[in-house]
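Visitor: I have a structure open and would like to go through it with you. Could we begin with one residue and work outwards?

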Amino acid sequence: MNKVKSPKGGSDANGDLFSILPDRNKQAAAGESLYDFDDDDDDDDDFLGAGIKNLSNIDEESPEEIAKKKAEEEAKKKAEEEAKKKAEEEAKKKAEEEAKRKAEEEKKRKEAEEARKKAAAEKAKAEAEAKKQQAIDDARKNAEEAKKHAETSKKTIEECEKTEKDLEKQLEEFAAKKQNYDAKMAQEAEAKKKNDAELLEREEKELDANIAKLKKEIADTNESAKKESDRILKESDPDTYKNNMINEAQAAADKAIKALADTKKTNVDKGVAEYNKAVDADKKKLADIDADKKKSIESAKKKRTDEEARASKIMKTAEADKTKAGAIFSESKKAEEEADANLKNTTEMESQSQKTLDELQKKLEESEKAVKNAKNSRNDANTKLAIQKEELKKAEKAEEEAAKALEAAKKAKEEVQKKISDSEEFIKKAADQITSAENDNKKISEDVAAAKKENDSFKAAKAEAKEALDSAKKSLVEAEDLLAKAEAAAEEAEQVVEEAKIAEEVEIQNAEAAAKEKTDKLTAEGKDRETKHEAFLAAEEEKYATAEASELEKVQTTAMKAEKEASDMKTKAEADAKKLLDDAKKKEEELKNKIAELKTKQAERIVARKEAADQAKAEAEEKKKKDLSAIDKVEADVKKQLEDIRSKATAAAKVLEKAIKREEEYKKQEELLKEGKVEEAAQVITQDEEATMAASVSEAVAARRKSLPKEAKYLYKYLGVEPAGAQIVNVLQTLKVDPKRSKNVVILGQHGFGLTMVGEDFAKFYYDMGICKSEAKAKVKAKVINSGKLAGAVGKLKGGCLIIESAGLITPERFKEMVDMCSPEKNDIKIILTGEKTALSNMLAANMTQARSFNNRVYFDQINESGMINVAECYADEKGFKLESGADTAIKNALMAMESGNIDRLLGAMDDAMKAAETRDPIDKKILKKEIK
């Protein structure tokens with residue numbers, strides 16, 4: 001803390017200013033202190049100047065006047081002396097009081113000064129301690145920041161090394177492709193030439209084979225036609241044909257008749273076997289029917305035996321119940337008589353008690369009535385008393401207002417007072433009567449309570465007696481029920497025996513009837529089967545005879561047909577022989593034409609193949625030119641990427657080296673500060689090193705900018721924020737390498753709000769890059785999506801971007817609907833989600849199917865004050881504005897009024913500042929500190 005110096009009189013031994021009051025412990029010179037001037041209330045001028053008041057007239061006075069004057073002077077002198085003495089006493093008293101007051105003030109001042117010094121020392125100590133702790137916290141925070149820079153740099157180096165290897169591998173592949181291209185083309189040409197020669201050789205061989213085949217076919221056709229013609233003419237003998245035809249018909253008839261005989265035998269044998277089988281089955285069924293009848297009869301007899309045993313058991317139980325019922329009946333009868341006698345006694349006692357209770361109740365009612373009357377009388381008296389008091393007031397008023405009617409008023413007053421006295425006496429008597437009546441009422445109430453208690457005990461005894469009587473009656477009823485039950489059981493047992501006998505007879509009769517019915521049915525079925533079997537045998541005989549006659553008739557028909565066909569055959573054979581020879585001649589001409597056609601087609605193929613080869617060679621040369629040009633172009637791009645990556649890696653390595661050094665220095669600074677070595681801690685990190693560190697960071701940001709296309713200029717301002725800057729570069733490079741990757745972006749921050757302008761910058765980049773076909777974009781909050789209003793707006797956004805604030809609040813149903821509506825197949829809208837990190841991550845985790853199209857993520861949740869300042873400064877630079885020196889302090893002050901990480905508010909404030917700067921000086925465009933609010 002700096003010391004404030006002051007003149008010696010107002011400072012302590014160290015020169016520190018402790019008071020602006022004078023030092024009262026020193027003797028002050030005249031006029032040295034305001035406290036030394038006269039400040040009393042006496043009028044010094046009155047007695048100091050009175051003696052020289054009339055000196056101008058001294059020579060003109062007479063002796064009398066002189067004597068008079070002398071006397072006056074003496075009197076005045078005496079008065080002056082007295083006044084002076086009095087003034088001195090008062091001055092002395094005032095001086096003593098003033099000295100006392102000053103001593104008290106000095107004491108208070110010293111006490112206050114000591115308290116102030118102590119408070120100042122404590123405050124200085126607290127401030128020093130706070131500054132020390134702040135310095136320790138800043139050192140720790142700076143060390144952590146340096147560590148983050150180091151980690152980011154390591155990650156960047158690793159990514160660059162991986163990318164560098166991939167790019168080097170691509171360059172090797174390009175070199176190999178170019179080196180092998182001519183050899184590959186020559187190899188392909190040689191292979192094609194060889195294939196063409198082999199194909200031509202195959203085609204020539206195939207052509208020769210086809211011609212030889214056709215020539216052979218001509219010779220074979222002519223020879224076959226001659227042989228077939230000769231055979232037809234030779235085989236056209238009508239007698240032989242006729243005899244052969246008849247013999248074949250007879251053989252067929254014999255074969256058919258034999259088959260009929262075999263079929264007949266098979267059918268008859270099968271029918272006899274089935275008939276015998278059915279007869280055997282009927283015999284078995286008859287045996288089963290007889291066995292079932294015997295079984296049913298035995299079952300009926302067993303049921304009867306079981307029912308008789310059950311009836312015997314029921315009879316025994318009934319006898320036991322009758323004996324038990326008799327015993328219960330005797331006991332219950334006795335209990336009933338005793339309970340009846342008790343009930344009569346308690347009923348009489350209850351009646352007597354009730355009578356007493358009724359009398360007491362009557363007395364109580366009369367007493368309560370008396371109390372009520374007394375209270376009513378008292379109330380009437382109180383009412384009269386109130387009326388009389390009101391009359392008294394009126395009388396007193398009349399006494400005051402009517403002096404002439406004073407006597408009458410006094411008389412009226414006396415009468416009213418007498419009435420009041422009487423009323424008060426009456427009220428007192430009424431109160432005594434009420435007290436007496438209430439005492440009587442209380443005593444009667446006690447008697448009533450005792451009578452009620454006694455009556456309740458009689459009622460309880462009566463209830464117990466009634467309950468005993470009811471119990472006895474219940475026991476009698478139970479005994480009667482048990483006896484009735486036993487008698488019913490005995491009857492039931494007899495009924496069971498009788499029903500068992502009847503059931504046995506019925507079941508035996510039913511069994512015999514069923515057996516007879518089944519036997520009769522089987523007998524009838526057997527007779528019917530025998531009749532059908534005989535009919536079947538007759539039918540088989542008739543079928544055979546009919547079929548045999550039919551076959552013989554076919555033979556006769558064939559003989560007649562053979563006679564006619566033999567004549568026709570000769571004529572047809574001669575015609576067929578001639579036709580065969582003519583067809584052979586015609587086919588020979590066709591085959592010769594086909595041979596000529598094959599030779600022509602082969603010649604045409606050779607010519608077409610040569611032309612195709614020339615065309616293919618020209619196309620191959622053109623393709624070679626284009627392919628090598630494309631490889632050179634891609635190779636140049638890869639080389640540029642490799643150069644950029646190596647520059648980025650070099651910059652990151654520098655940042656890493658300095659970040660590690662910076663982390664160690666800040667840790668050392670933190671330890672020194674904890675040990676109290678402030679000056680030594682301040683020397684650990686110099687301003688030059690800070691500037692070097694900032695320059696290294698700037699180099700890393702510049703490397704990031706260099707790795708991005710110029711269309712990404714809107715996103716440059718965020719590249720200095722960690723880890724968001726590195727993630728933006730990674731996302732954009734990934735989209736370049738993998739064009740099919742989803743273009744949806746997720747921007748995560750500290751709050752649900754404050755990141756929509758980052759989303760807008762992504763949308764601008766998408767449009768400039770041609771990723772979005774439309775410049776249309778919309779910013780909405782999650783509640784708009786949840787309201788279902790998106791469906792009506794997607795048509796206007798087609799091919800554009802949708803930016804959503806607080807996206808972590810979108811419901812699963814609406815999120816699924818939104819992703820579907822914005823899909824490339826429907827409206828091709830790119831979705832940019834912004835929101836609080838945890839809420840947004842949880843929402844995506846709960847919608848895994850849709851979340852697969854949101855793999856591009858940028859985290860702004862770790863952005864700090866320096867990152868926000870960097871974004872603001874880069875934004876001003878992006879817009880073509882300069883900043884006044886010290887503007888970073890103004891931005892820092894503006895950030896204090898904003899939520900942490902709210903980029904939207906920060907950029908909005910910078911927009912206002914740029915507008916004010918441009919209005920003030922549109923040429924210089926320099927933003928002043930005061931314009932940043």
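**A walk through the model**

Guide: A starting point is Ser707, which sits in the loop between H6 and H7. Please keep in mind that this is a predicted model.

Visitor: Is Ser707 buried or exposed?

Guide: Ser707 is buried, because its relative accessible area is 17%, and the cut-off for buried is under 20%.

Visitor: Which residues is Ser707 in contact with, leaving aside its neighbours within four places in sequence?

Guide: They are Val729 and Gln733. Val729 is one of the buried residues of H7.

Visitor: Which other residues of H7 are buried?

Guide: Besides Val729, the buried residues of H7 are Ala724, Gly725, Gln727, Ile728, Val731, Leu732 and Leu735.

Visitor: How many residues does H7 have, and how far does it reach?

Guide: H7 has 14 residues and reaches 20 Å from its first C-alpha to its last. That is close to the 20 Å expected at 1.5 Å a residue.

Visitor: What joins Glu722 and Pro723?

Guide: A cis peptide bond joins them, with omega at about 0 degrees. Pro723 is placed in the loop between H6 and H7, as is Ser707.

Visitor: Let us turn to cavities. How many of 30 Å³ or more are found in the whole structure?

Guide: The search finds 1 cavity of that kind. The largest cavity holds about 140 Å³ of space. It is lined by 14 residues, and those closest to its centre are Thr152, Ser153, Ala700, Arg704 and Glu722. Glu722 also takes part in the cis peptide bond with Pro723.

Visitor: Which elements give two or more residues to that lining?

Guide: They are H2, H4 and helix H6 (687–706). By class, the lining of the largest cavity divides into 6 nonpolar, 5 polar and 3 charged residues.

Visitor: And the second largest pocket: what is its volume?

Guide: Its volume is about 950 Å³. The lining of this pocket has 32 residues, and Gln641, Gln733, Thr734, Lys736 and Val737 lie nearest its centre. Gln733 is also a contact of Ser707.

Visitor: Which helices supply at least two residues each to the lining of that pocket?

Guide: Helix H2 (63–235), helix H4 (406–674), helix H7 (724–737) and helix H8 (756–769) each do so.

Visitor: How do its lining residues divide by class?

Guide: The lining of the second largest pocket has 15 nonpolar, 7 polar and 10 charged residues.

Visitor: Back to helix H2. Where does Thr221 belong, and what does it touch?

Guide: Thr221 is in helix H2. Residues up to four places away in sequence aside, Thr221 touches Ala584 and Lys587. Thr221 counts as buried because its relative accessibility is 16%.

Visitor: What about Ala135?

Guide: Ala135 is found in helix H2 too. With a relative accessible area of 27%, Ala135 is partly exposed. Its C-alpha atom is separated by 9.5 Å from that of Lys674, although the two residues are 539 apart along the chain.

Visitor: A change of topic: which residues have a positive phi without being glycine?

Guide: Asp828 is one of them, with a phi of about 50 degrees. Asp828 lies in the loop between helix H11 (812–821) and strand S4 (830–836), and it counts as buried at 17% relative accessibility. Lys925 also has a positive phi, near 50 degrees. The place of Lys925 is in the loop between helix H16 (903–920) and strand S7 (926–927), and it counts as partly exposed at 25% relative accessibility.

Visitor: How many helices and strands are there in the chain?

Guide: The chain has 16 helices and 7 strands. Of its 933 residues, 29% are buried. Among contacts between residues at least 6 apart in sequence, 81% join residues at least 24 apart.

Visitor: Finally, what pLDDT does the chain average?

Guide: The chain averages a pLDDT of 80, and 90% of the residues score at least 70. Over residues 1–59 the pLDDT stays under 50, and the model has 50 contacts beyond four places in sequence for them. Residues 687–696 also have a pLDDT below 50, with 14 contacts in the model beyond near neighbours in sequence.

Visitor: What follows for reading such stretches?

Guide: Where pLDDT is low, the predicted coordinates should not be read in detail.

Technical notes. Residues are numbered from 1 along each chain as its sequence is written. This is a predicted model: local features need pLDDT of at least 70, side-chain atom pairs count only at pLDDT 80 or more; totals for chains, interfaces and linings use all residues. Side-chain values use heavy atoms; hydrogens and water are left out. On a 1 Å grid over the protein atoms alone, a cavity is a set of points where a 1.4 Å probe fits but cannot get out, and a pocket is an open set with protein on both sides within 12 Å along at least five of seven lines; lining residues have an atom within 4 Å of a point. Grid points are joined across faces, edges and corners, and a volume is the space filled by probe spheres set on the points. Helices (H or I, at least four residues) and strands (E, at least two) are DSSP runs, numbered from the N terminus. Ala, Val, Leu, Ile, Met, Phe, Trp, Tyr, Cys and Pro count as nonpolar, Asp, Glu, Lys and Arg as charged, and the others, Gly among them, as polar. pLDDT is the predictor's confidence in each residue, from 0 to 100. Contact means heavy atoms within 4.5 Å. Buried means under 20% relative accessible area, exposed over 50%, partly exposed in between (1.4 Å probe, protein chains only). The expected span of a helix is 1.5 Å times one less than its number of residues.
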